[in-house]
Amino acid sequence: MNFHTKGVVLRTVKYGETSVIVSIFTELFGMQSYIVNGVRSSSKKAGTKSNLFQPTALLDLVVYHNEQKNLQRIKEHRWAVLYEHLFFDVFKGAVATYMVELLQKCLKQPEPNPDLFYFMEDALLHLDKASPKMVANYPLFFSLHLANFFGFRLVDEYDETHTILDLQEGMFLNQHPTHTFYLEGFNSEVIATFLRVMQPEELSQVHLPVSTRRYLLQQLELYYALHVSDFGQLRSMAVLQEVLG
């Protein structure tokens, strides 16, 4: 059967002489793998087609879907949105790449999650139009709010007595835990501030030293590694840290 769905491209791998295998997080089916033939050749037409499948692209798709198959096919594909800046701005591009890799590492099963898709779509669209101050804070904002969809959200109970953030338990405590995975002082206060940011536009009001952003991003990578099996390391982190530095 044919299904109309939107999707965000997560990863593209060359296959054969003219084809690609694309991992796409779709609105209807969650993460799916598609083989797309004839988009890699020397012709201008084919070159334009392959551009549609670059990571972070938001696509409008008509797909064939068979629950028994691991590799699906696409009948029709076109841009759902043409970004104004994301593909051409090195800062926004680095943040978007980080977002896509983080999402992909959390997706373990090809199950539908439309609310997560809408969150991801909205996050990319806001990033495309974000001011430089918003872009600098965007990875922290995205990382904290993405966790809500995977069952390990940080509980915002920071106050004058609960100032120690336990990364293993995902909550603020009034005393140090028995392990070393925690934040305290200014760092835990910053995390609490980001947890209270509901709209990306508010990020321009959060002023942080570069060193703090770098450290907290490393700690959030640890946070995900503590809660997502086989998480590994984010390859995009080094580029992100360099660009936002």
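**Entry 1: Gln 241**

I began with the contacts of Gln 241 in this predicted model. Setting aside neighbours within four places in sequence, I found Gln 241 in contact with Arg 214, Leu 217 and Gln 218. Gln 241 itself belongs to helix H7, which covers residues 236–244. Is Gln 241 buried or exposed? Its relative accessible area is 11%, and the cut-off for buried is under 20%, so I noted Gln 241 as buried.

**Entry 2: H4 against H6**

Next I looked up helix H6, residues 210–227, and its packing with helix H4, residues 132–146. Their axes lie 10 Å apart, and the packing angle is about 20°. Angles under 35 degrees count as roughly parallel, and H4 and H6 are therefore roughly parallel to each other. I wrote the crossing of H4 and H6 down as left-handed.

Which residues make this contact? From H4 I listed Ala 136, Asn 137, Pro 139, Leu 140, Ser 143, Leu 144 and Leu 146. From H6 come Arg 213, Leu 216, Leu 217, Leu 220 and Tyr 224. Sorted by class, the contact of H4 with H6 holds nine nonpolar residues, two polar ones and one charged one. Leu 217 of H6 is a name I had met before: it is one of the residues in contact with Gln 241.

**Entry 3: H4 against H5**

I stayed with H4 and turned to helix H5, residues 186–195. Here the axes come within 9 Å and cross at roughly 75°. The range 65 to 115 degrees counts as roughly perpendicular, so H4 and H5 are roughly perpendicular to each other.

On the H4 side the contact uses Asn 137, Leu 140, Phe 141, Leu 144 and His 145. On the H5 side I found Ile 191, Phe 194 and Leu 195. The class count for H4 with H5 is six nonpolar, two polar and no charged residues. I also marked Asn 137, Leu 140 and Leu 144 of H4, which appear in this contact and in the contact with H6.

**Entry 4: the small sheet next to H5**

What else does H5 touch? I first needed the sheet: it is open, has three strands in the order E7-E6-E8, and its pairing is antiparallel. Why do E7 (171–173) and E8 (182–183) count as edges? Each has a single partner strand, so one side of each is left without a neighbour in the sheet. H5 packs on this sheet and touches E6, E7 and E8, with a direction about 140° from that of E7.

For the pairing itself, I found three bridges between E6 (residues 164–166) and E7, in the antiparallel sense. One bridge I noted by name sets Asp 166 with its partner Met 171 in E7.

**Entry 5: the barrel**

Then I went to the five-stranded sheet. It is a closed barrel running E1-E2-E3-E5-E4, and its pairing is mixed. Neighbouring strands are turned by 55° against each other on average, direction ignored.

I walked round it pair by pair:

- E1 (residues 2–15) pairs with E4 in the antiparallel sense over seven bridges, and Lys 6 stands opposite Asp 60 in E4.
- E2 (residues 19–26) and E3 are antiparallel, over seven bridges; they form a hairpin with three residues between them.
- E3 and E5 (residues 71–79) are parallel, over three bridges.
- E4 (residues 58–64) and E5 are antiparallel over six bridges, a hairpin of six residues joins them, and Leu 61 stands opposite His 77 in E5.

**Entry 6: Tyr 34 and strand E3**

Which residue of E3 is the bridge partner of Val 22? I found Tyr 34 there. Tyr 34 also stands opposite Gln 72 in E5. Next along E3, Ile 35 has Arg 73 of E5 as its bridge partner. How covered is E3 (residues 30–36)? Six of its seven residues are buried, so to speak mostly covered.

**Entry 7: helices on the barrel**

Last, I checked what lies on the barrel. Helix H2, residues 90–106, packs on the sheet and touches E1, E2 and E3; its direction makes about 100° with that of E1. Helix H3, residues 114–129, lies across E1, E2 and E4 and runs at about 65° to E1.

Terms used: Residues are numbered from 1 along each chain as its sequence is written. This is a predicted model: local features need pLDDT of at least 70, side-chain atom pairs count only at pLDDT 80 or more; totals for chains, interfaces and linings use all residues. Side-chain values use heavy atoms; hydrogens and water are left out. Buried means under 20% relative accessible area, exposed over 50%, partly exposed in between (1.4 Å probe, protein chains only). Helices (H or I, at least four residues) and strands (E, at least two) are DSSP runs, numbered from the N terminus. Two strands pair if DSSP finds at least two bridges between them. Axes are lines fitted to C-alpha atoms, for helices over the stretch in contact, and angles run from 0 to 180 degrees between N-to-C directions. Angles under 35 degrees count as roughly parallel, over 145 as roughly antiparallel, 65 to 115 as roughly perpendicular and the rest as oblique. A crossing is left-handed if the near helix is turned anticlockwise from the far one by less than a right angle, and right-handed if clockwise. Contact means heavy atoms within 4.5 Å. Ala, Val, Leu, Ile, Met, Phe, Trp, Tyr, Cys and Pro count as nonpolar, Asp, Glu, Lys and Arg as charged, and the others, Gly among them, as polar.
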